[in-house]
Amino acid sequence: MKNEKIIDGKKLAAEIRSKVRTLSDVFKSKTNITPGLAVVLVGENPASKVYVKNKIKQTEEVGFNSFEHKLPIETPEQDLLNIVDSLNKNKDVNGILVQLPLPDHINSDKVLDKILPEKDVDGFHAMNVGKLWSGLDALVPCTPLGCSIMIKKIFDDLSGKKAVIVGRSNIVGKPMAALLLKMNATVTIVHSRTKNIEDICKDADILVAAVGVPEMVKGSWIKEDCIVIDVGINRIEVNNKTKLVGDVDFNQALDKASLITPVPGGVGPMTIACLLLNTLNATHSQNGMKQPELGSLLE
């Protein structure tokens, strides 16, 4: 029975990628244009290298053009800005992703805001952030978008549901709150300065953990039949071996939750699938075509 509680992110991500491929083929047949995604990596961060490799592989699998830029860690900020500017001007590039984190000598905000908002498939540009919070169409950060798709598979409407987000980052926590509000949930964000976090979490019908602390959320924090979306990906050492765990103590939470995402295999695969979805949507918009409805990807 417990396996029935687990939300299979790999399966849903594969479904999205398959339909992105189908819609991309339709778009190409109408326009003779192939969507293009550029990924820029600065330095040798091992986790970033793995993410970028997977992004490029899946980009090519759905039939998009892939543009890869690998830069040494000592790359000057201005050189990176110049590369972003050249990608902005390249009509074959519909989406631009600069892999974070960047080296300390580079101002991440400056680089992200250099990307044209219409090519900002990570959804981090201030204009896209503002549009999201204003309820306007925008490119949405990929991880919270993936979480919202998972939740929409469970509920069409969250009216009357209480959602608690653990973490207030610009990458997950804040955009996740905006998306849940759009779905009519009553949303609370808790963070390092919040008092009585455990009691607030106990009231949640939907709990999204995105704080970056291994297994911080215990089973005692979760009420019966809560839906738990665990965004955390933390590498810890157990018996001299490393393993990946989330921000939620999975085994404890499994007993209480009605549905829960595992780590790995939950939210992670959805992030790249939504990056491809954002690139497809951006390509449509840049060519004066209506974006394909998200619902058509999830029939």
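Helix 10 is mostly covered, with 15 of its 20 residues buried. That is a good place to start in this predicted model, since helix 10 is also among the elements that give two or more residues to the lining of the largest pocket. Below is a friendly tour of the helix, the pocket and an open sheet of five strands.

**Helix 10**

- From its first C-alpha to its last, helix 10 reaches 28 Å over 20 residues, close to the 28 Å expected at 1.5 Å a residue.
- Just after the helix comes Gly288, which takes a positive phi of about 70°.

**The largest pocket**

- The volume of the largest pocket is about 1,400 Å³.
- Its lining is made up of 47 residues, and those closest to the pocket centre are Tyr51, Thr143, Val231, Ile233 and Thr271.
- Two or more lining residues come from each of helix 1 (9-31), helix 2 (46-61), strand 3 (95-98), helix 6 (142-154), strand 8 (234-238) and helix 10 (267-286).
- Helix 2 gives the largest share of the lining, eight residues.
- By residue type, the lining divides into 26 nonpolar, 14 polar and seven charged residues.

**The open sheet**

- If you trace the sheet strand by strand, the order is 5-4-6-7-10, and the pairing is parallel.
- Strand 5 (186-190) and strand 10 (259-260) stand at the edges with a single partner strand each, so one side of each has no neighbour in the sheet.
- Strand 6 sits between strand 4 and strand 7 in that order.

**Strand 6 and its partners**

- Strand 6 (residues 206-209) is covered on both faces: Ile206 and Val208 are buried on one side, and Leu207 and Ala209 are buried on the other.
- Towards strand 4 (residues 162-166), strand 6 is joined by four bridges, and the two strands run parallel.
- Towards strand 7 (residues 227-230), strand 6 is again joined by four bridges in a parallel arrangement.
- Val208 is a handy residue to find in the viewer: Ile165 stands opposite Val208, and Val208 also stands opposite Ile229 in strand 7.
- Ile206, which is buried on the side of strand 6 that also holds Val208, has Ile227 in strand 7 as a bridge partner.

Notes. Residues are numbered from 1 along each chain as its sequence is written. This is a predicted model: local features need pLDDT of at least 70, side-chain atom pairs count only at pLDDT 80 or more; totals for chains, interfaces and linings use all residues. Side-chain values use heavy atoms; hydrogens and water are left out. On a 1 Å grid over the protein atoms alone, a cavity is a set of points where a 1.4 Å probe fits but cannot get out, and a pocket is an open set with protein on both sides within 12 Å along at least five of seven lines; lining residues have an atom within 4 Å of a point. Grid points are joined across faces, edges and corners, and a volume is the space filled by probe spheres set on the points. Ala, Val, Leu, Ile, Met, Phe, Trp, Tyr, Cys and Pro count as nonpolar, Asp, Glu, Lys and Arg as charged, and the others, Gly among them, as polar. Buried means under 20% relative accessible area, exposed over 50%, partly exposed in between (1.4 Å probe, protein chains only). Two strands pair if DSSP finds at least two bridges between them. The expected span of a helix is 1.5 Å times one less than its number of residues.
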